[in-house]
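Colleague: I'd like to learn how to read a model like this one, feature by feature. Can we go through it together?

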Amino acid sequence: MHEGLTSAIRTAIARGRLRPGHLLPSSRALAAELGCSRWVVNEAYVQLTAEGHLETRQGSGTRIAAHATARTEPPHAESSDPEPPASHVDLRPGTPDVNGFPAAAWLRSLHHVLTDPAWTPPVFPPPAGAPRLRQTVAAYLRRARGIPVDSDDVVITCGTSHGMAAVARALTATATAPGVAVEDPGWFRFRQVAAAAGVRIEPVTVDANGIDVEAVRRADVAAVICAPAHQFPTGALLSPERRRTLLTWAARASTTIVEDDYDAEFRYDGRPVGALAGLSRDHVVYLGSVSKTLHPGIRLGWLAPPPALRGVLLAAVEAAGAGPSILDQLAFAHFVETGAYDRHLRRARKTYRLRRDALVAALQKHSVTGRLGAAQGIAAGLHLTLALPSKSDEHAVVARLADLGVTAIPLSRYTMRPQPPALVLGYGRLATSRAEWVATRIAKAL
């Protein structure tokens with residue numbers, strides 16, 4: 001028995017399940033769990049300590065030795081971009097500066113939820129989400145995004161992808177062979193989620209005024225997915241005329257607009273533009289989350305569907321998977337109610353504006369030489385698109401940048417049809433002092 005236990009712990013270390021510094025259970029606790037004598041556990045621990053796999057210190061228990069190494073195993077295949085080396089400047093778009101997460105304020109909210117009887121989390125929260133959070137989100141959407149909603153109009157999700165999966169399920173339940181128009185270029189995750197639900201994808205061109213509404217009309221689709229306030233990745237703002245035209249199309253054709261309002265809180269050259277859903281509640285499904293404003297790891301979002309679609313979308317949200325942690329739901333509700341969320345947004349908005357300004361200025365300095373194009377898109381969000389000379393090879397530039405210590409993403413990562421070469425640069429985690437260094441590296445890579 002002790003040989004079997006010794007081998008099992010040794011294998012767990014080799015495969016990385018037990019890592020250096022990990023505290024093992026006491027011999028008494030492990031013996032009780034395994035239903036064996038303490039002698040079996042003690043013998044295994046003594047053997048592994050002698051081999052150097054474990055180290056024992058008086059008063060601190062038995063731990064995996066600091067020098068124990070695991071075999072490298074191939075990572076699981078994912079559609080997301082691989083993690084760059086730690087030494088790289090990471091310019092992958094769409095990620096906030098998680099080091100700026102307001103941990104102290106969040107912990108105060110979580111402590112309040114766990115200790116105040118009035119905030120006691122329900123054992124089985126409603127499928128639509130905690131009522132308190134739905135009230136808080138509805139009030140926030142009315143105040144900050146101009147959307148006339150009540151708590152019953154809000155459904156809590158695990159983020160925009162979770163919400164989009166629910167929309168795709170609802171479309172397949174209400175239409176035969178439904179088609180969805182998507183912005184091209186656009187966020188690839190939405191295409192993947194919709195396609196996985198059996199929805200036909202129709203790419204539609206985006207220009208400086210946003211999505212081409214006439215192309216949407218010609219596409220013969222049941223819905224369109226767009227980001228009116230700050231298109232990803234071009235940074236375009238949907239013009240007022242196209243907003244009206246898109247809503248008119250949706251009303252006449254009885255179709256659905258899915259509004260991705262992913263980073264509307266971060267506008268630097270004026271006040272944020274109101275949500276499209278504020279102009280029409282009957283044909284717009286509004287999607288929002290905290291992945292860009294707080295931390296993507298919280299996995300908390302919401303959708304506000306038209307009243308006629310609420311029932312089918314709520315059922316689709318349940319079918320798409322379990323909702324976010326009830327503790328996180330209530331902690332975020334308290335976080336917003338106490339004003340901590342608004343304070344955090346003001347600080348983050350100032351920080352990101354300085355970082356964007358520094359990067360744009362550095363890129364403009366090198367564009368004078370003709371080696372770099374202009375930064376595209378409105379002054380908003382956490383990324384910008386940098387046009388490259390027409391004959392540039394995006395992938396060669398990205399590969400050269402990797403050699404120079406910069407991780408960037410080519411525009412083609414987000415396109416379905418050929419587009420002029422460009423880079424999509426996320427500046428959310430870029431220190432202002434590194435902006436000039438990054439621009440120099442991009443020019444050198446070209």
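Modeller: Sure, and we start with burial: a residue is buried under 20% relative accessible area, exposed over 50%, and partly exposed in between, using a 1.4 Å probe and protein chains only. Helices (H or I, at least four residues) and strands (E, at least two) are DSSP runs, numbered from the N terminus. As for the ground rules, this is a predicted model, where local features need pLDDT of at least 70 and side-chain atom pairs count only at pLDDT 80 or more, while totals for chains, interfaces and linings use all residues. Residues are numbered from 1 along each chain as its sequence is written, and side-chain values use heavy atoms, with hydrogens and water left out.

Colleague: Let's try that on a strand. How many residues of β10 are buried?

Modeller: In β10 (residues 284-289), 6 of 6 are buried. On one side sit Val284, Tyr286 and Gly288, and on the other Val285, Leu287 and Ser289, so both faces are covered.

Colleague: Which strands does β10 bridge to, and do they run parallel or antiparallel?

Modeller: Strands pair if DSSP finds at least two bridges between them. β9 and β10 run parallel, joined by 4 bridges. β10 and β11 (residues 301-304) run antiparallel, also with 4 bridges. Leu287 is a handy place to look: its bridge partner in β11 is Leu303, and Leu287 is itself the partner in β10 of Asp260.

Colleague: Now a helix. Which residues of α14 are buried?

Modeller: In α14 (residues 435-445), the buried ones are Ala435, Val438, Ala439, Ile442, Ala443 and Ala445. To see how they are arranged, take the arc of the directions from the helix axis to the C-beta atoms. Down the axis of α14 the buried residues fall within an arc of 165°, so they line one face of the helix.

Colleague: What covers the buried residues of α14?

Modeller: The cover includes β3 (89-90), α12 (340-367), β13 (383-387), α13 (394-403) and β16 (422-426).

Colleague: Let me try single residues. Is Thr6 buried or exposed?

Modeller: Thr6, in helix α1 (residues 2-14), is buried because its relative accessible area is 5%. Contact means heavy atoms within 4.5 Å. Leaving aside neighbours within four places in sequence, Thr6 is in contact with Ala44, Gln47 and Leu48.

Colleague: And what about Thr172, where does that sit?

Modeller: Thr172 is in helix α6 (residues 160-174), and at 33% relative accessibility it counts as partly exposed. Not counting residues up to four places away in sequence, Thr172 touches Pro178, Ala197, Gly198 and Val199. Ala222 is 50 residues from Thr172 in sequence, yet the two are 9.9 Å apart in space, C-alpha to C-alpha.

Colleague: On to the backbone. Which peptide bonds are cis?

Modeller: Asp184 to Pro185 is cis, with omega near 5°, and a cis bond also joins Phe232 and Pro233, where omega is about 5°. Pro185 lies in the loop between β5 (179-184) and α7 (188-196). Pro233 lies in the loop between β8 (223-226) and α9 (240-253).

Colleague: Which residues other than glycine have a positive phi?

Modeller: Asp220 is one of them, with phi of about 55°, and Ser254 is another, with phi near 55°. Asp220 lies in the loop between α8 (213-218) and β8, while Ser254 lies in the loop between α9 and β9 (256-260). Asp220 is exposed, with a relative accessible area of 61%, and at 61% Ser254 counts as exposed too.

Colleague: Last topic: how do I read internal space?

Modeller: Rolling a probe the size of a water molecule over the atoms shows where empty space is left. On a 1 Å grid over the protein atoms alone, a cavity is a set of points where a 1.4 Å probe fits but cannot get out, and lining residues have an atom within 4 Å of a point. Grid points are joined across faces, edges and corners, and a volume is the space filled by probe spheres set on the points.

Colleague: How many cavities of 30 Å³ or more are there?

Modeller: The search of the whole structure finds 2. The largest has a volume of about 50 Å³, and its lining includes His230, Asp263, Phe266 and Arg267. The second largest holds about 30 Å³ and is lined by Thr136, Val137, Tyr140, Trp302, Phe332, Val336 and Tyr341. Two or more of those lining residues come from each of α5 (131-145) and α11 (326-337), with α5 giving the largest share, 3 residues.

Technical notes. 1 Å grid on protein atoms, 1.4 Å probe; cavity = no way out; pocket = protein on both sides within 12 Å on 5 of 7 lines; lining within 4 Å.
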